[in-house]
Amino acid sequence: MLKLQDLTKAYRTDEVETVALNNVNIEIDHGEFVAIMGPSGCGKSTLLNIVGMLDTPTSGHYYFKNEDVAGYSEAQLGVIRKQHIGFIFQSFNLIDELSVAENIELALLYHDIPASERKERVATVMDKVGIAHRAKHMPSQLSGGQQQRVAVARAVVGNQSMILADEPTGNLDTAHGQEVMGMLQKLNEEGTTIVMVTHSPSHADYARRTINLLDGHVVTESMRA
Amino acid sequence: MLLTNYILSAWRNIIRHKLFSAINILGLAIGLAAVMLITLFVRHEINYDNFWANSQNIYRMHMTFLPSGRPPMVFSMVAGPIIHVIKKDFPQIQHAARVARKRATIIKGDQYFEEQISLVDPAFVKIFDFKTITGNLGKALDDQSSLILNKTLADKYFPQGNAIGQTLTINADAFEREFTVAAIMENMPENSQVNVAAMVSIVEEEWSELEWMFASWFSVNTHLYYSVNPGTNIKDVNAQMPSFIDRNFPLQDSGDAVSGFVELNSQNIEELHLKAPGNSEHREKGSITTVLIFSAVAALILIIASINFMNLSTARASQRAKEVSLRKVMGASRQKLVAQFIGESVFLTLFALLVSMAFVELALPSYNQIIGKQLSIDYGSSDLLMIVGLSATVGILGGIYPAFILSSFRPADVLKANKSAETSASVKLRAALVIFQFAASISLFVSTTVVYGQMLYAKNIKLGFEQNNLLVINNLYRDAADIKLALLVNEFRQMPNISSVTWSNDAPGIHTENNTSMRTPEMPSSESSLIGVRGVGYEYFKTYNIDLLSGRFYGISQNDTRAETIEIREGRGHASSLIINETGLRRLGLGTPEEALGKILYRSVGNEGENLEREHLIIGVVPDIHLNSLKKEIRPEIFELQPDHAQYISIRYSGDPLETVNLARELWEREVPSIPFTYDHAVDSVDKQYKAEQGEMTMFAAFSSLAIFIACLGLYGLASFTAERRTKEIGIRKVMGASVFDVVKLLVWQFSKPVLIANLIAWPVSYYTMTMWLESFAYRIESFFILGFCLAAGVAALLIAWATVASNSIRVANTNPINALRYE
Ligand SMILES: Nc1ncnc2c1ncn2[C@@H]1O[C@H](COP(=O)(O)OP(=O)(O)O)[C@@H](O)[C@H]1O
Ligand SMILES: [Mg+2]
């Protein structure tokens with residue numbers, strides 16, 4: 001599905017240069033469930049942002065479906081991104097002023113989908129994550145677990161083939177964390193590629209492969225049977 | 001101690017939030033400056049003639065004629081003889097005096113000067129407490145050959161300062177005599193409709209040949225001022241006027257009571273500047289409408305500026321929520337916080353005040369030029385107190401709401417991350433205020449365009465005569481010039497570049513109401529109509545380029561001269577030629593221009609009660625011609641040939657105006673050295689009639705641009721705050737696939753909504769008010785056009801709003817979403 005080759009990302013601020021990713025080579029196949037682990041500041045989010053085309057690498061290649069997107073402009077990346085990639089964040093990142101249903105619908109708003117079909121798909125996906133009874137509520141009226149379920153619904157409502165989750169359980173208690181992991185697992189079983197950053201080894205166990213990062217390097221990759 | 005603490009923290013806040021402070025201070029400073037300028041103007045306008053010791057008890061009488069079939073004619077002056085009977089009938093009147101102004105030649109040795117002199121009754125100086133420098137004003141007026149000068153004139157004629165006892169010869173139509181300077185007074189302040197510089201006593205006998213001046217009951221040539229006993233109710237005096245009129249005015253042949261068509265009313269002197277009717281003032285009148293309009297504009301600007309202040313402060317409130325909450329946690333009481341924020345706001349306003357005073361001082365010279373005044377701020381007086389008071393009020397009002405919003409944040413709510421600190425109520429209020437700002441700005445914008453449109457219309461309306469390349473020479477009424485009329489006209493006709501020359505009693509933009517009673521043979525004399533009269537010379541219509549609808553113009557070879565009264569009296573009259581305008585045709589029921597030709601009209605002549613009529617033959621019909629302001633409806637008018645007298649010579653020329661003026665001057669100075677050469681270009685005289693409106697328009701345009709600018713400053717500030725507040729949302733939307741264009745659209749639409757709603761409010765309001773304003777013009781643009789202007793204003797406001805928020809929106813839309821989503 002995607003392949004990172006000699007990928008490097010450096011941030012330049014005034015005098016200091018931070019190398020967030022250094023010569024990273026990773027290949028992820030379609031339908032995989034990959035966990036990324038590593039200490040804080042090792043470059044996990046940076047990696048996820050580049051994979052999610054929210055950011056561009058400083059050098060190296062990024063093949064997405066055999067197409068090198070490393071040099072693409074923001075607008076070009078945007079087109080690919082909105083078609084293929086869904087996001088889940090640690091802090092949910094729902095829009096406070098929009099209701100649950102509207103937040104989910106947002107992921108369809110910028111595609112050419114008629115309003116009636118949008119409503120239908122939103123309803124379906126809300127059922128799927130069990131949040132339908134909260135459709136009209138505002139995010140601030142929901143618990144963290146419920147908010148993250150909304151975020152999951154939003155990530156998949158557009159039939160994205162890959163979901164990138166940056167510490168999706170970081171703000172949740174154990175029970176809610178399990179719940180979200182269950183949903184991700186189910187999605188993966190249905191064929192969605194999932195790349196997830198996590199600090200929790202038990203959550204990493206849901207993935208079939210774990211990539212460990214340290215100071216911008218891939219240090220180990222381990223596969224489960 | 002606490003105070004310095006507040007000031008210090010206020011100052012730090014200004015420095016720390018530069019954009020916020022700059023927008024706030026600039027907006028407020030411009031607003032305050034505009035309000036100060038308007039206040040100076042309004043204060044000046046409403047403080048006329050209130051400095052006289054007895055101003056409460058001084059009145060001026062005005063006279064209204066109610067001719068049948070025509071709108072009433074109101075004059076600020078009254079008939080001369082009234083003064084001789086008024087004190088007899090009204091015991092509450094203490095003193096009464098007339099004032100008539102005359103352009104006179106002052107002769108000192110072999111030098112000639114031109115001056116306005118006031119002919120007054122001696123009681124004039126008992127009514128008004130003029131400030132005397134030397135001499136005794138009362139005594140001076142009791143002597144018929146004494147002259148009172150003001151400081152400026154005394155210095156002008158006697159620079160050595162020895163004016164008292166010196167003599168000057170004055171020539172004022174009816175007399176040429178020597179006068180002795182008997183008293184000198186201070187110059188009159190500018191805020192008075194009583195405007196005298198040189199005064200002499202009225203000697204009625206001198207005017208016996210010009211009986212209309214002081215002796216006719218139906219000519220109005222003098223202002224009449226009087227003082228009453230304290231406690232007199234002017235309503236009682238006004239109410240008794242009809243019976244006073246019937247007792248004292250000459251009886252009518254028809255037997256009709258004079259009070260049926262003449263009214264006398266009096267106004268307190270303090271009201272004259274803004275509310276006096278009529279046109280014959282000795283100082284330019286003000287307009288109550290203008291005063292009200294600009295007071296409203298000032299109020300609007302102040303509100304717009306205060307709204308900015310409030311909106312920016314509450315918008316920033318959410319940013320400061322953390323600071324406030326922390327202070328609260330540290331134990332600051334709510335009162336202390338409120339005090340702190342109001343203090344900051346007042347401090348900011350006072351800072352803005354300093355800036356605004358600089359603006360005012362910079363703007364005053366051109367402002368004075370536009371409105372034709374000499375306004376200034378007197379920092380030594382209560383002015384300063386007023387200004388500081390005004391800004392402190394704005395500061396407190398602008399600060400109070402944000403202060404309470406800010407201080408009401410509950411620390412627990414705010415410190416819990418991820419919660420928007422603002423209530424939806426305060427967001428809504430802010431939106432409402434922005435709508436108000438834009439509604440006000442759009443209304444001002446529409447008003448400006450309507451005023452401008454009307455001016456443009458007035459300039460381009462078909463006046464019926466050609467105003468360009470027409471030179472009008474004044475002062476022909478003076479004897480020395482009058483006797484040279486024929487010679488001057490002939491000489492002018494010889495000059496190069498001059499195609500035709502004529503003379504007349506009126507000139508464009510100069511209006512003396514001269515009316516006469518006319519009837520058709522079928523009408524009884526009691527039903528005759530009041531028709532306006534313009535005395536004109538040969539070639540008048542050619543010189544003015546006036547079309548002929550039927551018949552012919554006056555011609556030297558045609559024996560068009562009129563029968564003199566004396567001839568009619570002796571039974572030697574003949575049918576006198578007459579040219580009439582279209583409105584005249586309609587008024588007298590004369591049919592089409594062709595049908596009117598050859599018809600006979602009768603016009604009453606001679607003395608009151610003599611019952612003489614002159615027979616007139618219509619030889620030509622001309623269209624209605626706007627020789628006067630478009631505020632005046634066209635009268636039914638006749639153009640009567642007046643072969644040997646005139647007030648003005650008009651010259652149609654081609655080529656360089658200056659050359660023609662110089663040639664004319666040379667000729668004049670050679671032939672009439674005792675009278676100064678003065679002239680006007682007709683086109684200037686026409687424009688001058690709209691000077692007040694021009695000034696209003698410039699003021700309007702300037703102040704409404706300021707209002708819009710201030711509103712935009714506020715919008716810009718809000719846009720940047722909103723963008724900041726929405727960065728997270730925008731980041732999420734972009735992650736969800738929104739393009740830069742989608743985001744810009746979203747933000748721009750957010751700011752378009754209030755502008756669109758503002759249009760819905762502004763349009764009906766401005767349509768209504770501007771339709772009313774237009775009604776003061778007899779000839780005006782269709783109110784239909786206002787709708788077009790509304791549309792234009794709406795589009796302009798939208799474009800301006802877009803331009804204001806676009807840069808910000810584009811910047812925000814282009815930021816990488818991860819920046820917005822990273823830090824939580
Ligand atoms: N926009 C940025 N500008 C500068 N440095 C950044 C930026 N984003 C991340 N970094 C730096 O890059 C490194 C990796 O950050 P990140 O990918 O967020 O780590 P992680 O998600 O593993 O905690 C850190 O040292 C961080 O400070
Ligand atoms: Mg991270």
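Which residue forms a salt bridge with B:Glu637, and how far apart are the closest N and O atoms? Before selecting anything, keep in mind that the model in your viewer is a predicted one.

**Stop 1: a buried pair in chain B**

Select B:Glu637 together with B:Arg534, and you have the two partners of that salt bridge, with their closest N and O atoms 2.9 Å apart. If you colour chain B along its sequence, you can see that this pair links distant parts of the chain, since B:Glu637 belongs to strand β20 (residues 637-641) and B:Arg534 to strand β15, 103 residues apart. Now show the surface and look for the two residues: B:Glu637 has a relative accessible area of 3%, which lies under the 20% cut-off, and therefore it counts as buried. B:Arg534 likewise has a relative accessible area of 3% and is buried.

**Stop 2: two further pairs in chain B**

Move next to B:Arg493 and B:Glu539, which form a salt bridge whose closest N and O atoms are 3.8 Å apart. This pair also links distant parts of the chain, with B:Arg493 in helix α15 (residues 485-494) of chain B and B:Glu539 in the loop between β15 (529-536) and α16 (540-543), 46 residues apart. Are these two residues buried or partly exposed? B:Arg493 is partly exposed, with a relative accessible area of 25%, and B:Glu539 is partly exposed as well, with a value of 29%.

Then select B:Arg98 and B:Asp121, where a salt bridge brings the closest N and O atoms to 2.9 Å from each other. Here B:Arg98 sits in strand β3 (residues 93-108) of chain B, while B:Asp121 sits in the loop between β4 (111-120) and α4 (124-127) of chain B, 23 residues apart. Both B:Arg98 and B:Asp121 are buried.

**Stop 3: a network of charges**

Show the side chains of B:Arg562, B:Glu564, B:Arg603, B:Arg614 and B:Glu640, which are linked with one another in a network of salt bridges. Over all chains, the count of salt bridges comes to 39.

**Stop 4: a covered strand**

Select residues 146-150 of chain B, which make up strand β6, and note that five of its five residues are buried. In a regular strand the side chains alternate between the two faces of the sheet. Turn the view so that you look along the strand, and you will find B:Ser146, B:Ile148 and B:Asn150 pointing one way, with B:Leu147 and B:Leu149 pointing the other way.

Now add the strands that pair with β6(B). Strand β8 (residues 176-185) of chain B pairs with β6(B) in the parallel sense over five bridges, and within this pairing B:Ser146 stands opposite B:Thr180. Strand β9 (residues 198-201) of chain B pairs with β6(B) in the antiparallel sense over two bridges, and there the bridge partner of B:Ile148 is B:Met199.

**Stop 5: two backbone angles**

Which residue of chain A has a positive phi although it is not a glycine? Select A:Asp6, whose phi is about 50°, and follow the backbone around this residue to see that A:Asp6 lies in strand β1 (residues 2-13) of chain A. A:Asp6 counts as partly exposed, at 40% relative accessibility.

In chain B, select B:Asn545, another residue other than glycine with a positive phi, in this case near 60°. B:Asn545 is placed in the loop between α16 and β16 (550-551) of chain B, and at 46% relative accessibility this residue counts as partly exposed.

**Stop 6: where the two chains meet**

Finally, show both chains together and select the residues in contact, which are 19 residues of chain B and 22 residues of chain A. Between them the two chains bury about 1,800 Å², with 56% of this area on carbon and sulfur atoms. How many salt bridges are counted between chain B and chain A? The count is two, and one to look at closely is that between the side chains of B:Lys734 and A:Glu74, at 3.0 Å from N to O.

On the side of chain B that touches chain A, the elements giving two or more residues are α23 (727-735) and α26 (817-822) of chain B, and α23(B) gives the most, with six residues. Coloured by class, this side of chain B shows seven nonpolar, four polar and eight charged residues.

Note on methods:
Residues numbered from 1 in each chain as written. Chains lettered and ligands numbered in written order. Predicted model: local features only at pLDDT ≥ 70, side-chain atom pairs only at ≥ 80, totals over all residues. Heavy atoms only, no water. Contact = heavy atoms within 4.5 Å. Buried area = accessible area lost by both parts, 1.4 Å probe. Salt bridge = Lys/Arg side-chain N within 4 Å of Asp/Glu carboxyl O. Helix = DSSP H or I, 4+ residues; strand = E, 2+ residues; numbered from the N terminus. Nonpolar A, V, L, I, M, F, W, Y, C, P; charged D, E, K, R; others polar. Buried < 20%, exposed > 50% of the residue type's maximum accessible area, 1.4 Å probe, protein only. Pairing = 2+ DSSP bridges.
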